[in-house]
Amino acid sequence: MSQTAAIDLNAEIERLRAEVEALRLRAEAAEAAADTDVLTPVLNRRGFVTAMNRTMAYCQRHKVPAVLLYLDLDGFKRVNDELGHAAGDAALVQVAELMLTHLRESDAVGRLGGDEFGLLMLNAGVEEGREKARKLSAAMADKGFTWEGIRVALGGSFGVRGWTGHSDAEVWLAEADAAMWLRKKAR
């Protein structure tokens, strides 16, 4: 092989390596986008269920507790109806950011749909989950939500359900959702 052909071959190999790296980065970005909520800085339902599945497997293997909190915002329809959907979107972002700042880095937060969020805490039991729900409720009430000078109270109903050997994330979510509805109806 001539020296010119070897140089051309090396250049082609480097070009292909760069192209493969660019494709790998695009695939990583697409995968991250598939698990991230389009509006808020938290996981979407798909990403949250994936985190739940990892957590359940970890809990099973290492015999550690976990707790799931299911949040449904109270009075959120009023924000959309009275202040508009842009205000509703801003309120959802604010709630997601609030949850992120009040949870540990090892915890997961996901927007499950509409005005419902899930919070997953590893190495925490039901009592820690209830305490976290109380603190988040207080933080939402303290902060409220302000849109164009109008302050609206923010609140929510939390369902708290500990991991009890669940192997199906949707069953665990349904149990936490049912616990949330019991709390909401009791108000």
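Student: At the start of α2, which backbone nitrogen does a side-chain oxygen of asparagine 44 reach?

Tutor: Good place to begin, and keep in mind that this is a predicted model. Look at the start of α2, where the side chain of asparagine 44 offers an oxygen. Within 3.1 Å of that oxygen lies the backbone nitrogen of arginine 46.

Student: How far apart are the end C-alpha atoms of helix α2?

Tutor: Let's work out what to expect. Helix α2 covers residues 45–62, which is 18 residues, and at 1.5 Å a residue it should span 26 Å. The model agrees with that, since the end C-alpha atoms are apart by 25 Å.

Student: Which residue just after α2 takes a positive phi, and of about how many degrees?

Tutor: Step just past the end of α2 and you come to lysine 63. Its phi is positive, at about 55 degrees.

Student: How do the residues of the contact of α3 with α4 divide into nonpolar, polar and charged?

Tutor: Start with who meets whom: Phe76, Val79, Asn80 and Leu83 in α3 touch His85, Ala87, Gly88, Ala91 and Leu92 in α4. Sorting the residues of this contact gives six nonpolar, three polar and no charged.

Student: Is strand β6 largely enclosed or not, and why?

Tutor: Count the buried residues along β6, residues 155–162. Seven of its eight residues are buried, so the rest of the structure leaves β6 largely enclosed.

Student: What is the bridge partner of tyrosine 70 in β6?

Tutor: Strand β1, residues 66–74, runs antiparallel to β6, and eight bridges join them. Follow the bridge from tyrosine 70 into β6, and its partner is glycine 159.

How values were computed
Residues numbered from 1 in each chain as written. Predicted model: local features only at pLDDT ≥ 70, side-chain atom pairs only at ≥ 80, totals over all residues. Heavy atoms only, no water. Helix = DSSP H or I, 4+ residues; strand = E, 2+ residues; numbered from the N terminus. Expected span 1.5 Å × (residues − 1). Polar contact = N/O pair within 3.5 Å; in protein donor to acceptor, adjacent residues only side chain to side chain. Contact = heavy atoms within 4.5 Å. Nonpolar A, V, L, I, M, F, W, Y, C, P; charged D, E, K, R; others polar. Buried < 20%, exposed > 50% of the residue type's maximum accessible area, 1.4 Å probe, protein only. Pairing = 2+ DSSP bridges.
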